[in-house]
Each structure stands twice: as C-alpha cells, then as structure tokens.
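Colleague: I'd like a close look at one strand of this predicted model, with whatever it pairs with and a bit of context from the rest of the fold. Please take me through it slowly, as I'm more at home at the bench than with coordinates.

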Amino acid sequence: MLLATEVENGKMSLLDTNKKRVNRRKFRVRNKVRRVSFDRMRLCVCRSLKHISIQLIDDSKHMTVASASSVGMEMPEKVSGKIELAKLVGKDLAKKASELSVGPVFFDRGKYKYHGRVRALAEGLREGGLEF
C-alpha cells in the first residue's frame, strides 16, 4: 500500500500535484509581497469553509493595524451566501481603514485563488474606497 506522497510507477499522485500547485502559488504571492511591502501595508486573507477574515498589517512595525472577520459579524437578513458575506467583510475593513487614513495597500491572497469569496472580498474593499 502506497501513501499519497509516494510515487507510483513514476507518476505523482493527485494529492502531491495539488500540494505543489498550491505551494507554487503561495511562493509566487509571497515573493511579490517582499518586493512591494516596503511602502505599502499588506491585506492578509484567511479563509475557512465557513468564514473569512482579513487583516491589515504594517510589516515595517510588525503589527496588525485593523482586522475584520465574518465570525463575530452581525449579518443582515438579506445575506444569503458566503460570497455576499465576504463582500460585507471587505466593506467593513475598508471602512476601518478609511478611518485610519490608510493609503494604497497590497492584497495578499496567500495560497488562495483570486476567485469566489476572495474576489468578492476584494470587490467589497474596492467599493469601500480602498486602493490596491
């Protein structure tokens, strides 16, 4: 019996291929963060199956400036899905960032594809007036 990480007949398992793809994506985004993060704050996205959260991080001071999450958020009755909830979380953080007068930021999506909830989060941030 072979594990998912072992090679079978010279072919990689599907699990290995997906892990490598995710790690490549994460590495590509992190390298861009290192190049750009000198003059901009970073928006770091964390996503789970139920919730989404985002932090505004100042890398020069190594501290979190503001954060928003769907965990403790009061949801209006009209929200029907996780994509709409992600957009509301983005608008909430954009409102907090505008109170702090934050300039352009870098959107660090990490290992997540710019699709679905991550895209809705970015659209909510843009609608709230945040530039990236």
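Modeller: Here is a walk along that strand, its partners and its surroundings.

First, the housekeeping. This is a predicted model, numbered from 1 along each chain as its sequence is written, in which local features need pLDDT of at least 70 and side-chain atom pairs count only at pLDDT 80 or more, while totals for chains, interfaces and linings use all residues. Side-chain values use heavy atoms, with hydrogens and water left out.

The protein has three helices and four strands, and along the sequence they come in the order α-β-β-β-α-β-α. Helices (H or I, at least four residues) and strands (E, at least two) are DSSP runs, numbered from the N terminus. I've picked β2, residues 52–58. Five of its seven residues are buried, so the rest of the structure largely encloses this strand. Buried means under 20% relative accessible area, exposed over 50%, and partly exposed in between, using a 1.4 Å probe and protein chains only. For scale, buried residues make up 32% of the 132 residues in the protein.

Now the partners; two strands pair if DSSP finds at least two bridges between them. Strand β1 (residues 41–47) pairs with β2 in the antiparallel sense over six bridges. One register point to look for is Cys-44, whose bridge partner in β2 is Gln-55. The two strands make a hairpin, with four residues between them. Strand β3 (residues 63–69) is also antiparallel to β2, and six bridges join them. There, Ile-54 has Ala-68 of β3 as its bridge partner. When you inspect any of this, remember that side chains in a regular strand alternate between the two faces of the sheet.

The β2–β3 connection is a hairpin too, again with four residues between the strands. His-62 sits in that loop, and its phi is near 55°, a positive value in a residue other than glycine. His-62 is exposed, with a relative accessible area of 71%. Ser-101, in the loop between α2 and β4, has a positive phi as well, near 50°. Ser-101 counts as exposed, at 63% relative accessibility.

So much for the edges of the hairpin; what about the packing? Helix α3 (residues 117–127) has Arg-117, Val-118, Ala-120, Leu-121, Ala-122, Gly-124 and Leu-125 buried. Our strand β2 helps cover those residues, along with β1, α2 (82–99) and β4 among others. A handy reminder for reading that list: an α-helix has 3.6 residues a turn, so residues three or four places apart point the same way. Just after α3, Gly-129 takes a positive phi of about 105°.

Further along from β3, the loop leading to α2 contains Val-79. Val-79 is buried, at 14% relative accessible area. Leaving aside neighbours within four places in sequence, Val-79 is in contact (heavy atoms within 4.5 Å) with Glu-84, Leu-85 and Leu-88. For the whole protein, 59% of contacts between residues at least 6 apart in sequence join residues at least 24 apart.

To pull it together: β2 is a largely enclosed strand, with antiparallel partners β1 and β3, and β2 is part of what covers the buried residues of α3.
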